[in-house]
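Open the model in your viewer and keep the selection tool at hand. The tour below goes from one selection to the next and says what is there.

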Amino acid sequence: MTAASGFVVRRAVEGDADAIAQLTSPPTNSLTETLALVALAAEGGLALVAVDATGRVAGHLVVSGPRAVSGGGELAIYVADERRRQGLGAALMSAAIEWARGTELTALVLDVERTNHAARALYAGHGLREVARRKNVIRLQLPLSRGSAAGD
Ligand SMILES: CC(C)(COP(=O)(O)OP(=O)(O)OC[C@H]1O[C@@H](n2cnc3c(N)ncnc32)[C@H](O)[C@@H]1OP(=O)(O)O)[C@@H](O)C(=O)NCCC(=O)NCCS
């Protein structure tokens with residue numbers, strides 16, 4: 001799908017679930033894995049993995065299906081600690097946005113902690129903008145008008 005410094009971004013398959021859970025330290029079967037499995041099963045969702053040359057899953061991104069009310073897709077992303085700052089997050093984001101522009105989703109949305117500077121910089125670089133704020137959590141959104149560039 002997309003290559004970034006020797007990595008390939010491709011759609012996740014069910015066999016990736018364990019590797020996705022192992023991404024976090026300590027391994028988790030909570031939010032990330034659950035969202036992945038939901039997205040795999042849910043019509044309208046997307047689950048991507050970034051895989052290195054040996055086939056190891058090093059990053060993961062999920063967009064849940066359209067929210068009933070807003071029509072937006074909820075995005076979650078995680079890159080393995082030792083693989084950060086190598087362009088994987090950016091490659092995953094670019095692939096997700098390209099995919100989303102070809103769907104009926106009206107926006108990509110997510111919540112990020114105010115102190116998560118790495119994620120906030122990644123999202124800002126891909127055109128996500130603040131739409132709400134409560135305590136330590138910021139709601140970001142990328143509107144998806146067909147054929148427009150990120151940040152429009
Ligand atoms: C946020 C995250 C996905 C970034 O992944 P990554 O593969 O390291 O990101 P990239 O290497 O593609 O970096 C892309 C851009 O993001 C920003 N960025 C990434 N890490 C950063 C950091 N530690 N500090 C500042 N900016 C950072 C930069 O703008 C960077 O561009 P640059 O390298 O040209 O400066 C990764 O840090 C992560 O998995 N964090 C833990 C999980 C998490 O916080 N998920 C988001 C929850 S809302």
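Select Val131 first, in a model that is predicted. Leaving out residues up to four places away in sequence, Val131 touches Arg139, Leu140 and Gln141. Val131 belongs to strand E7, which covers residues 129–134. Is Val131 buried or partly exposed? A residue counts as buried when 20 or more other C-beta atoms lie within 10 Å of its own, and as exposed when there are 12 or fewer. Val131 has 13 within that distance, so it is partly exposed. Now add Leu142 to the selection: Val131 and Leu142 are eleven residues apart in sequence, and their C-alpha atoms are 9.6 Å apart in space.

Next, select strand E4, residues 57–63. All seven of the seven residues in E4 are buried, so the strand is largely enclosed by the rest of the structure.

Then look at the strands that pair with E4. Strand E3, residues 46–51, runs antiparallel to E4 and is joined to it by six bridges. To see one of these pairings, select Val49, whose bridge partner in E4 is His60. E3 and E4 form a hairpin with five residues between them. Click on Gly55 in the turn, where phi is positive, at about 90°.

E4 also pairs with E5, again in the antiparallel sense, over five bridges. Select Leu61 and you will find Ile77 of E5 opposite.

Now turn to the largest nonpolar core, which has 37 residues. Which of its residues touch the most other members? They are Leu48, Ala50, Leu92, Ala96 and Leu108. The elements that give two or more residues to this core are strand E2 (7–11), E3, E4, E5, H3, E6 and strand E8 (137–143). H3 gives the most, with seven residues.

Stay with Ala50 for a moment. Not counting neighbours within four places in sequence, Ala50 is in contact with Phe7, Val9, Ala58, Gly59, Leu88, Ala91 and Leu92.

Finally, select the ligand and the 19 residues around it. Arg84, Gly89, Ala90, Ala118 and Leu122 come nearest. At least two residues of this shell are supplied by each of strand E5 (72–79), helix H3 (88–101), strand E6 (107–113) and helix H4 (117–125). The largest share, six residues, comes from H4. Colour the shell by residue type: eleven are nonpolar, six are polar and two are charged.

Definitions and conventions
Residues are numbered from 1 along each chain as its sequence is written. This is a predicted model: local features need pLDDT of at least 70, side-chain atom pairs count only at pLDDT 80 or more; totals for chains, interfaces and linings use all residues. A residue is near a molecule or strand if its C-beta atom, placed from the backbone, lies within 6 Å of it. Helices (H or I, at least four residues) and strands (E, at least two) are DSSP runs, numbered from the N terminus. Ala, Val, Leu, Ile, Met, Phe, Trp, Tyr, Cys and Pro count as nonpolar, Asp, Glu, Lys and Arg as charged, and the others, Gly among them, as polar. Two residues are in contact if their C-beta atoms, placed from the backbone, lie within 7 Å. Two strands pair if DSSP finds at least two bridges between them. A nonpolar core is a set of buried Ala, Val, Leu, Ile, Met, Phe, Trp, Tyr and Cys residues joined through C-beta atoms within 7 Å.
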